[in-house]
Structures are given as structure tokens and as C-alpha cells.
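Trainee: I would like a close look at one part of this model, the main nonpolar core and what surrounds it. Please take me through it step by step.

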Amino acid sequence: MASRGSFLTALAALALASPRASADGPFVSISESVTWQDNITNAPSGDGIKSAFGLESGADVTWLRSLDFSTLLTAGVAADAHVCPSYGGLESFSVGSTAEVRRKLGLGPLAPVAYAGLTGSATGYVDPERSNIEGDFIFGVSQRLRDDLQVALDGRLGSYDARDIVFSGNFASLGATLNWDVNETWRLKLMGGWRTGDTVANYAAVKSPYGWVAVDPEAQYLPGAWHYVRTFDEPFVAWRESSRTWSYGAGISPALGRHTSLALQFAHFTSEGYGRYVDNVVSVSLRHHF
Amino acid sequence: MHRSAALILLATAALGAHAAGTVRVVTKDAAGKPVADAVAYVISLDAPVAVHPPEEPVAITQRDQEFDPYVTPIVVGTRVVFPNRDNVQHHVYSVSPAKKFEIPLYIGESTATIVFDRPGPVTLGCNIHDWMVAYVFVLDTPYFAKTGADGTADISNLPPGRYRLEVWHPRLAGKVGLEVTVVEAGDTTQVVSVTLRPDRRIRRAPDAGGVDYK
């Protein structure tokens, strides 16, 4: 915990120190999104599957600083608030910072862009067991194939450190996105991804005179920690799922002007392994750059 | 003799010598709508005409992370400056055969002055903001004009004679040219229909969405 705290402190210091007088910015963006998730608990099956709406508002401020003719250092701070009307324990507020180096490998719009950076955040949940700090290493590359066609590959290696051990751990993800700008207004998106390190919660415990007892005794022998969670007002146990989760999705994103765009996206997640689960997520998002 | 009176006499003599005419070019697309930002120019078929670049450089400004103007016609040898009026650095470049150059990251007034010394179209970009695009059309004739929003351009001060009228536009499909004759002190109107490719620019709007999934 202490080492992750030091990491976040150093990251915040880097992000705040970078925007010097010669830097460009600040650039401010805000975003709003509404999300429907049909398996918010990532439960494998049965009564443990719960669905819910989520509302999220975010704002971020970034500065840019040129390291050389083709390399930019981006530093930023961000804040997000998440509201979940069905399960108050999932409501959260987070603050974070990012420092990222982005390099364009050539001249012109068709030159590939590579980036790598560090992000960190601290998130407080209404359900205090979930409150965590997170540190990530992010990296990726994007390539514009034509003026209207772009492919991007993104990766993330991260670590959560939460108050409850079941919500702590490491994770990794890789994703690919294809953006096709059909015309000046409409963008179509195709997405695919892979990740490992999810948390699974399932209706797998009953309250006995002796405390919470797992309905499925084998759940106690699942890889990683498992623990009773109170978030869903029912006797849920949660454990970390170390198997892979694959995802695919699609979306449309109309531009509402030079600085604003809307997006409607669908994503399907399927995990492998003992706690196999399926989750579908639909979101409507609005983003505005000032 | 006063200096102003001498200038008036010189100007009168010049007008008398040329009795200049004007070619009004009206550009329309396939749907009959006016085409803005087209460069209309004429090339003398009687004798070559020397071009003289202006003494002052032409400015192409960067404002709100866009180039202004979108199309700039100039003659060969013209110097161009690229003042940056944004609060963000730009990296102006061209990889066009008629002029390759780059002005790496700067803000405010750039000390770089680019001389466009070969005729032809030059595409400008910013290596930071890929959606920024503009065009310089370098001409080896002094007789040209750019169409406004109404699709009209007046090429004036033309000595009488035979000319070839041509039109260029960043999205022009094919080449447009026709012969025109300018009579002494006469005005000629030419309606030019052009076929334009679709306007496919890199989208500037931010990327929204992304499922933040944990």
C-alpha cells in the first residue's frame, strides 16, 4: 500500500510539475455518460446476475509540452463521479493524474503515433470495501490508414489496492479499435479486447448462526481471495477471476461540431474459466473539448 | 510638379496603354451550386507574361487550430509567413512536390519565411493537429483570382488578347480549361462547371465513448 501511495504521489508531482510556462494549455474537457450493464456483478449464472444503470460525469485538464519536434509530453488531472441508482454502494468519486509521452513517427497524417505513460487515481466508494488507489502503465500505437480510417492498439498494465483484498490485485488489458469516419459527421467504431484480473461477485453465501457460509463450498477454494460483500444488499461473495475476458463491440459517434461528439456503443464481454460470465454493456456518451 | 499629380499622370498613361479587360469566372459544381475557394487563372496564348512576386510576404494564419485562408493563390517567388495566433504550438509542413518544407513547433510569429519557387499545388498540414489542412496554389501567371462564397472570381487588368482560362480547386476531379479572348476594355463572363470529389477531411471532433469497464 505504501509503495503504491508513493507511486501515486510521484505521478501527481510529475503531472503538476510538467505544465510550465512554455507548455500549451490548459485544455479542459468534460464528459457525461449513461451506461446500462446487464451483469454488473460479473456473476457466472443464476440469481447473482444483477443489472443496473450508471451515470458518470467527468472533467479533465491537460497540458502539452514539446520534448522535441515529434514528441509531446502530456500531463493531466481528472475527476469523475459515478452514480448508480440501483446499488448505492457502487457510487464513487475519483481523482487522478496522467503523464504520457506521445511520439509521431514521421511527417503527415498517415505517420503512426506511439505513446506510453503512467496513470494513477484514488477512488472512494460508498461501499468502503471497494475504495482503492490504482496505478497503471499505459501504452499503444495508432495508425491512420486513410483520412477516414484509423486503427489503434492500446494496452494497460495496472494494479488496484483496495481496502478489501478481494478488490485488490493486478490486471492487464489489450484492445484494438477501428474508426471509420463515414462522412464529416458520422463515425463507426469496431472494438475488440482482452483482459485478465476481473472481480466476480456471486450469490453464493447464506447467513447461518455462525456467520456467512458459502453455498458452494468449492467457492472457498477458487483461485485468489474471496470475501462476503455487502454492496448488493444480499449475501454475495466476491472473488478475483484470473482467467481471460474477451470483448467485442461496435458504436456510432456523430460529431456535434468541432469540439463535441456523441457516442452510442455496445460491448459484449465473455470470460473463460471457473467463474465464466457474460456481460453486455450499452453506453451513451457525450464529450466536449473547450 | 507635385508628386501626386505626377502619379495620376502615370496611372492614366498606363490605363491608356493597356485598356485592360476583366474575365468574370462563375464556378458551379455538378449540382449547380457555387464553388468557393477555386482558383481561376488565365495564361496568355500570345506571349509569355513575366510574374513579379509581391514585396511583402503573404500570411497564412493559424487560428482556432485551423489555417486561414483555406486556399491561397500566389505567383512563383512569393514569400509566405505562417503566424500562429493560437495558444498551442503548431508544426507546419508540406510534402508536396512543388514545395517541401517544415517549420517545427512554434507559437506566435514564426521567423521562417518560405519562398514558393515552383508552380503547382502545395498541401499544408500541421504535424500535431492532423485535421488542419490548407492549400497554396503557385502560379506562373500574374492573372488570377479566387472565387468567393458566390462562386465568382474577377480576373482583372487583362490586356487584350487570347488566353487559356483554367480553374483549380483542392477537390477538383480532372482538369478544367478553355480559351477566352479579351477585347479592349471589355468584360467577359465565363461559367465553368466543375466536378468535385467528396470533401473528406480528417475529423476534428473529440472521440467520445469507450466502455470504462472494471
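Mentor: What follows starts at the core, moves out to the domains and the sheet beside it, and ends with the other chain.

Keep in mind throughout that this is a predicted model. The largest nonpolar core has 43 residues. Within this core, the residues with the most contacts are B:V39, B:A40, B:V136 and B:I155. The element that gives the most to the core is strand β12 of chain B, residues 133-139, with six residues. Both domain 1 (19-49 + 142-197) and domain 2 (51-140) of chain B give residues to this core, so the core lies between them.

B:V136 is a useful place to look. Setting aside neighbours within four places in sequence, B:V136 is in contact with B:T72, B:I74 and B:V80. The same list for B:V136 continues with B:F116, B:V122 and B:L124.

Now the two domains themselves. The domain assignment splits chain B into domain 1, made of 19-49 and 142-197, and domain 2, made of 51-140. Their C-alpha centres lie 24 Å apart. Where they meet, eight residues of domain 1 of chain B are in contact with nine residues of domain 2 of chain B. On the domain 1 side of that contact, β2 (39-44) and β13 (144-146) of chain B each supply at least two residues.

Next, the sheet that can be reached through B:I155, one of the core residues with the most contacts. B:I155 is in β14(B), where it is the bridge partner of B:V23. Strand β1 of chain B, residues 21-28, is joined to β14(B) by five bridges, and the two run antiparallel. These strands belong to an open sheet of three strands in chain B, in the order β14-β1-β17, with mixed pairing. β14 (152-158) and β17 (187-193) of chain B each have a single partner strand and stand at the edges, so one side of each has no neighbour in the sheet. On average, neighbouring strands of this sheet are turned by 20° against each other, direction ignored.

Chain A has its place in the picture too. A second, separate core of 14 residues includes A:V166, A:F167, A:V229 and A:Y277. The secondary structure of chain A comes to one helix and 15 strands. Of the 290 residues in chain A, 33% count as buried. Among contacts in chain A with a separation of 6 or more, 57% are between residues 24 or more positions apart.

One residue of chain A leads back to chain B. A:S66 lies in strand β2 of chain A, residues 52-68. A:S66 has 19 other C-beta atoms within 10 Å; because a buried residue needs 20 or more, A:S66 counts as partly exposed. Beyond residues up to four places away in sequence, A:S66 touches A:L72 in its own chain and B:Q89 and B:L105 in chain B. A:S66 and A:R102 are 36 residues apart in sequence, with their C-alpha atoms 9.7 Å apart in space.

Last, confidence. Chain A has a mean pLDDT of 85, and 85% of its residues reach 70 or more. Within chain A, confidence is highest in strand β5 (residues 113-125), at a mean of 96, and lowest in helix α1 (residues 2-17), at 51. Over residues 15-21 of chain A the pLDDT is below 50, and this stretch has 17 contacts in the model beyond near neighbours in sequence. Where pLDDT is low, the predicted coordinates should not be read in detail.

Terms used
Residues numbered from 1 in each chain as written. Chains lettered and ligands numbered in written order. Predicted model: local features only at pLDDT ≥ 70, side-chain atom pairs only at ≥ 80, totals over all residues. Helix = DSSP H or I, 4+ residues; strand = E, 2+ residues; numbered from the N terminus. Buried ≥ 20, exposed ≤ 12 C-beta atoms within 10 Å, placed from the backbone. Contact = placed C-beta atoms within 7 Å. Pairing = 2+ DSSP bridges. Axes fitted to C-alpha atoms, helices over the stretch in contact; angles between N-to-C directions. Core = buried A, V, L, I, M, F, W, Y, C linked by C-beta atoms within 7 Å. Domains from an automatic or database assignment. pLDDT = per-residue confidence, 0-100.
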